[in-house]
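Visitor: Hello! I am new to protein structures, and I would like a close look at a single part. Could you take me through the pocket?

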Amino acid sequence: KFEFQDIIYEKKFLEDGNGPGVARITINRPQRLNSITNVTMDEMFRAFDDASHDPMVGVVILTGSGDRAFCTGGDIAWEEVGLREQFYWRYPPNHLLRLCRKPVIAVVKGYAIGAGNHIAYCCDFTIAADNAIFGQNGPRVGSPADGYLVAYLTRVVGAKKAREIWMLCRRYNAQQALEMGLVNVVVPLDKLDEEVDRWCEEILQLNPDCIEILKATFDSEIDYMVGSYGVLSRLMYPDWFDSEGLKEAQQAFKEKRKPDFWKFRKTLKRSSEGE
């Protein structure tokens, strides 16, 4: 039996426990808007690994505790002391989705921001409540995401919209997310569980071997990108985690003010001109 601190892991089987079932992984940090730490990611790995290898599990649900947030990315309190470790963690959540043999449904209530957003769009299906809000934070908070978790969004919403989402850090409501193809369906918050149950029941009626093959086939297009995670960041800004730009982003976030990123570029320009 698993004992978890940051997640809730449950399995529910039909036919009095003898039929196919659904595994449910809930990020259980509502007091921190279900932001994640190294502990959260390690626990998610154990849950996904168990669900993937249980022959009677046919589908996995990934969601967040409460109605305010699915996931809001890395916990800033942890990132301040471990951003380098967070960025290159051994079990990045997106890779867990790829390794899981079973289809994964992201069930989004409230905020899906930063890692929460790209985890949701990397799932096989995304079902959103009408209170869902999606968006990225990278350039706003000094998080240099790269690799497949960025590039894959072009497959989901197209290149122009993907660049808009990542480079402008805008927020999108549930209806906007549906229109751009970021989610499969939007339902009222009080009808969300019913909708999720319908999707799970529909999947469980189909041949599980074929479903696993199809998932692996769809996922295989990102395999060539998996090894690229972190490569461009290290190449272009090898000292990023010790940079003034990152310190400014973190300080501005804590002080609830607009960061002044360009002052450091001005200093570099004056240095290059010999002033």
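Guide: Here is a walk around the largest pocket, with a short stop at one helix beside it. Please keep in mind that this is a predicted model.

Let's begin with how such a space is found. Rolling a probe the size of a water molecule over the atoms shows where empty space is left. In this model, the largest pocket has a volume of about 1,300 Å³. Its lining is made up of 32 residues. If you want to find the middle, look for Pro139, Pro144, Tyr237, Trp240 and Arg265, which lie nearest the centre of the pocket.

Which parts of the chain supply the walls? Six helices are named here, each giving two or more residues to the lining: helix H5 (138–141), helix H6 (148–151), helix H8 (159–168), helix H13 (231–236), helix H14 (244–255) and helix H15 (262–272).

Now think about the character of these walls. Sorted by class, the lining has 17 nonpolar residues, together with eight polar and seven charged ones.

Let's pause at helix H8, one of the helices that contribute to the lining. The side chains of Glu164 and Lys161 meet in a salt bridge, with 3.1 Å from N to O. Their places along the helix are worth a look too: Glu164 and Lys161 are three residues apart in helix H8, so about one helical turn separates them. This pair belongs to a longer list, as a search of the whole structure finds 18 salt bridges.

Conventions:
Residues are numbered from 1 along each chain as its sequence is written. This is a predicted model: local features need pLDDT of at least 70, side-chain atom pairs count only at pLDDT 80 or more; totals for chains, interfaces and linings use all residues. Side-chain values use heavy atoms; hydrogens and water are left out. On a 1 Å grid over the protein atoms alone, a cavity is a set of points where a 1.4 Å probe fits but cannot get out, and a pocket is an open set with protein on both sides within 12 Å along at least five of seven lines; lining residues have an atom within 4 Å of a point. Grid points are joined across faces, edges and corners, and a volume is the space filled by probe spheres set on the points. Helices (H or I, at least four residues) and strands (E, at least two) are DSSP runs, numbered from the N terminus. Ala, Val, Leu, Ile, Met, Phe, Trp, Tyr, Cys and Pro count as nonpolar, Asp, Glu, Lys and Arg as charged, and the others, Gly among them, as polar. A salt bridge is a side-chain nitrogen of Lys or Arg within 4 Å of a carboxyl oxygen of Asp or Glu.
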